[in-house]
Every structure is written in structure tokens, then in C-alpha cells.
Amino acid sequence: MAPSATPSTFQGQGLTAEQLQRYNEDGYLIIPDALDASTTASLLQETQKMLSSFSLTDHPMTKFSTGQANDNGSHIGDDYFLTSGDKIRFFFEEDAFHASTGELSKPKDRAINKIGHCLHALNPAFRESTLNASQASVARGLGFRDPRVLQSMVICKQPEIGGKVASHQDSTFLYTDPPSAVGFWIALEDATEENGCLSFAKGSHRRTPVKRRMVRKNDESGVEFVHVEGARFPTNFEVEEKEQEGEEVYTLGEVKAGTLVLIHGNLLHKSEKNLSGKSRFIYTFHVIEGENEYDGRNWLQPPSQGFSRLYR
């Protein structure tokens with residue numbers, strides 16, 4: 001268990017002063033038993049149902065690349081991805097296909113990288129576990145005034161082929177001015193070093209500005225990374241000078257099913273490829289401050305009714 005694990009007080013109680021201090025210092029917070037075993041099992045069952053029932057007949061077979069080496073964004077630039085912000089869509093693992101034939105090398109339910117990006121609004125089971133008083137109490141404890149929910153998804157991290165996720169900051173992909181994104185990451189299965197648990201650069205949110213953001217290309221043909229012209233840290237944020245140049249040190253975040261991990265939008269975090277025989281299913285959604293500017297350049301655009309409000 002990572003050092004930032006704290007006892008759970010999640011069931012409608014919000015965050016304790018100790019938990020909030022740990023989150024502010026480390027940039028992430030591990031809360032065990034945030035979901036009870038029954039709810040966790042129900043969400044996992046719902047995920048398996050979606051994986052077994054989606055159709056391949058009209059699917060564009062879009063792969064999702066979890067690395068960032070290709071800065072022009074062409075790997076995720078098709079219409080199926082760009083219009084998924086208010087839908088439930090299925091994205092394949094890069095290694096789920098035969099290199100020679102391009103055909104699937106795995107059964108479809110073992111080939112999907114993620115299901116996204118609007119589970120919180122369109123799937124009743126995930127909506128109930130997202131838009132509720134417990135999650136609202138956590139957001140309130142973090143200081144949100146008008147928290148809006150977006151980019152909800154199940155990440156499957158499939159056995160043997162679950163892709164590596166390079167070190168990144170969530171605010172790169174969900175930029176507000178000033179930055180405000182927080183990831184709510186919930187383990188539906190045990191996440192271990194063997195099956196690709198998260199790793200965190202503790203405290204990096206206070207010394208690492210958001211320098212780049214992923215935006216839609218002007219011709220809507222895909223996405224690209226551009227320099228951030230607005231604020232690079234949240235408002236009234238205590239920033240630390242980086243003591244020396246060099247690579248960040250990452251702390252493993254092994255957690256049990258039902259654990260909630262809160263991830264600051266500036267925090268550097270990553271996960272390794274899953275080479276084990278066990279999957280690592282998780283559900284995640286993100287919260288941004290509705291009072292901050294979320295512009296039309298962001299890859300994910302709000303539906304006509306706007307992003308979901310967490311406070312009612």
C-alpha cells in the first residue's frame with residue numbers, strides 16, 4: 001500500500017482535515033473502501049455486460065494509444081474518438097490485433113482498452129456511483145464551488161496486453177484556465193505492481209506546471225499538443241521551486257478493489273504495461289471547476305446541456 005493511504009471516511013462524510021492535508025502535500029490521496037463490495041461487484045458486472053454486448057459490425061475498430069510519443073495526436077484523432085464526450089464508446093488495445101493481418105487476436109471482451117467517455121450520465125449503474133452525495137462531499141472538501149463531471153470511463157488494463165500509460169498530468173487533457181481538474185479513480189479490481197497499478201511522483205503537482213494541452217486541430221481532423229498560454233497552476237496555489245533537474249521518483253499505489261484515489265490535475269502519474277494474467281479494471285471520472293474557463297479548443301466538448309453538475 002502506498003504511503004498516502006488513509007482510513008476511509010468516505011460514506012457521505014467527505015474528507016477529514018488529515019486527508020485534505022495529505023492530498024495537498026502529496027497531490028494524491030488513497031481512500032480504501034470508498035465503495036462497498038456489493039457496489040464494486042455490481043459495476044464490474046455491468047462492465048462485463050457492456051464488453052460482451054457491444055457490436056463489432058459497425059465499429060471503426062479505433063485503437064487507443066496510451067503513450068504520448070506521437071505529439072501530433074493522430075493515434076486518437078478520428079471522429080469516433082472526438083465525438084465520444086457525450087457517448088459510450090469502446091476503444092481497443094493497440095496489441096489486441098495481429099500485426100500481419102490486422103485481425104483481432106483476442107476475444108472482443110479481452111481486447112478493449114477503455115469504455116468512455118460519458119458513463120456517468122448514460123449508464124444508470126455508473127451514474128448512481130458518480131452523481132451522488134458522497135462524491136459531492138469529497139468535491140466540496142477539495143474546495144470546488146461548481147464541480148462539473150466529465151470524461152468518465154472504465155479502463156480495462158487487459159491481461160498480457162494492457163498498455164503502458166506514460167507519465168502525464170490530467171490537466172493536459174482537460175485544461176481549464178486556471179487549471180482545476182481532479183481525477184476520481186476507483187479500483188474495480190485489486191491493482192498491483194504485477195497488473196499495472198498507478199505510480200505517483202509525490203508532490204510533483206506543486207513543482208510541475210501544466211505546460212502543454214491537448215486540443216482539437218483547427219480543421220477538426222484530429223488533435224495536437226500546444227503550449228499553454230493561460231495559467232499553469234491553480235489559483236492561490238503554493239508552488240515549490242524544483243530543487244534540481246533530474247527524473248522524478250515514483251511511488252507505487254497498489255490498492256484493493258473499492259478504493260478511491262484522488263489525483264490532482266498537475267500531478268505526474270503513470271502506470272506500466274500489464275504483462276500478468278489478471279486484468280486491472282478501474283472506473284474513473286474527472287471534475288473541473290465550472291466557474292473556470294473551459295474553451296472550445298479542448299478535445300472533449302460539453303453536450304448541449306453542459307457538463308453534469310455534481311451539486312444539485
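A residue is called buried when its relative accessible area is under 20%, and exposed when that area is over 50%. With these two words in hand, we can walk through the structure above, which is a predicted model. The chain averages a pLDDT of 92, and 91% of the residues score at least 70. Residues 68-75 need more caution, since their pLDDT stays under 50, although the model has 18 contacts beyond four places in sequence for them. Where pLDDT is low, the predicted coordinates should not be read in detail.

A good place to begin is helix 2, which covers residues 17-26 and in which Gln-19, Tyr-23 and Asp-26 are buried. Seen down the axis of the helix, these buried residues fall within an arc of 85°, so they line one face of helix 2. The face turned away from that buried side carries Ala-17 and Glu-18, which are exposed. What do the buried residues of helix 2 pack against? Their partners are strand 1 (28-31), strand 6 (182-187) and strand 11 (260-264). Helix 2 is then followed by Gly-27, a residue whose phi is positive, near 90°.

Helix 2 also takes part in the largest pocket, where it gives the most to the lining, with four residues. About 620 Å³ of space lies in this pocket. Its lining is made up of 26 residues, and those that lie nearest the centre are Leu-142, Pro-234, Thr-235, Phe-237 and His-264. Sorted by class, the lining has 10 nonpolar, 10 polar and six charged residues.

From the pocket we can turn to two residues that sit in loops at either end of helix 7. Thr-130 is found in the loop between helix 6 (124-128) and helix 7 (133-141), and because its relative accessibility is 0%, Thr-130 counts as buried. Apart from neighbours within four places in sequence, Thr-130 is in contact with His-120, Gln-135, Val-149, Tyr-283, Phe-285 and Leu-310. Phe-144, in turn, has its place in the loop between helix 7 and strand 4 (147-155), and with a relative accessibility of 9% Phe-144 counts as buried. When neighbours within four places are again left aside, the contacts of Phe-144 include Ala-139, Ser-180, Val-182 and Tyr-311. Phe-144 and Cys-118 are 26 residues apart along the chain, and their C-alpha atoms are separated by 21 Å.

The backbone itself has some features to look for, beginning with its cis peptide bonds. One of them runs from Gly-116 to His-117, with omega near 15°, and His-117 belongs to strand 3, which covers residues 112-117. Another cis peptide bond joins Asp-177 and Pro-178, where omega is about 0°, and Pro-178 is found in the loop between strand 5 (165-168) and strand 6.

Positive phi values can also be found in residues other than glycine. Asp-33 has a phi near 60° and lies in the loop between strand 1 and helix 3 (37-53). Lys-157, which is not a glycine either, has a positive phi of about 45°, and its place is in the loop between strand 4 and strand 5. Which of these residues is buried and which is exposed? Asp-33 counts as exposed because its relative accessibility is 54%, whereas Lys-157 is buried, with a relative accessible area of 3%.

Conventions. Residues are numbered from 1 along each chain as its sequence is written. This is a predicted model: local features need pLDDT of at least 70, side-chain atom pairs count only at pLDDT 80 or more; totals for chains, interfaces and linings use all residues. Side-chain values use heavy atoms; hydrogens and water are left out. Buried means under 20% relative accessible area, exposed over 50%, partly exposed in between (1.4 Å probe, protein chains only). Contact means heavy atoms within 4.5 Å. The arc is that of the directions from the helix axis to the C-beta atoms. pLDDT is the predictor's confidence in each residue, from 0 to 100. On a 1 Å grid over the protein atoms alone, a cavity is a set of points where a 1.4 Å probe fits but cannot get out, and a pocket is an open set with protein on both sides within 12 Å along at least five of seven lines; lining residues have an atom within 4 Å of a point. Grid points are joined across faces, edges and corners, and a volume is the space filled by probe spheres set on the points. Ala, Val, Leu, Ile, Met, Phe, Trp, Tyr, Cys and Pro count as nonpolar, Asp, Glu, Lys and Arg as charged, and the others, Gly among them, as polar.
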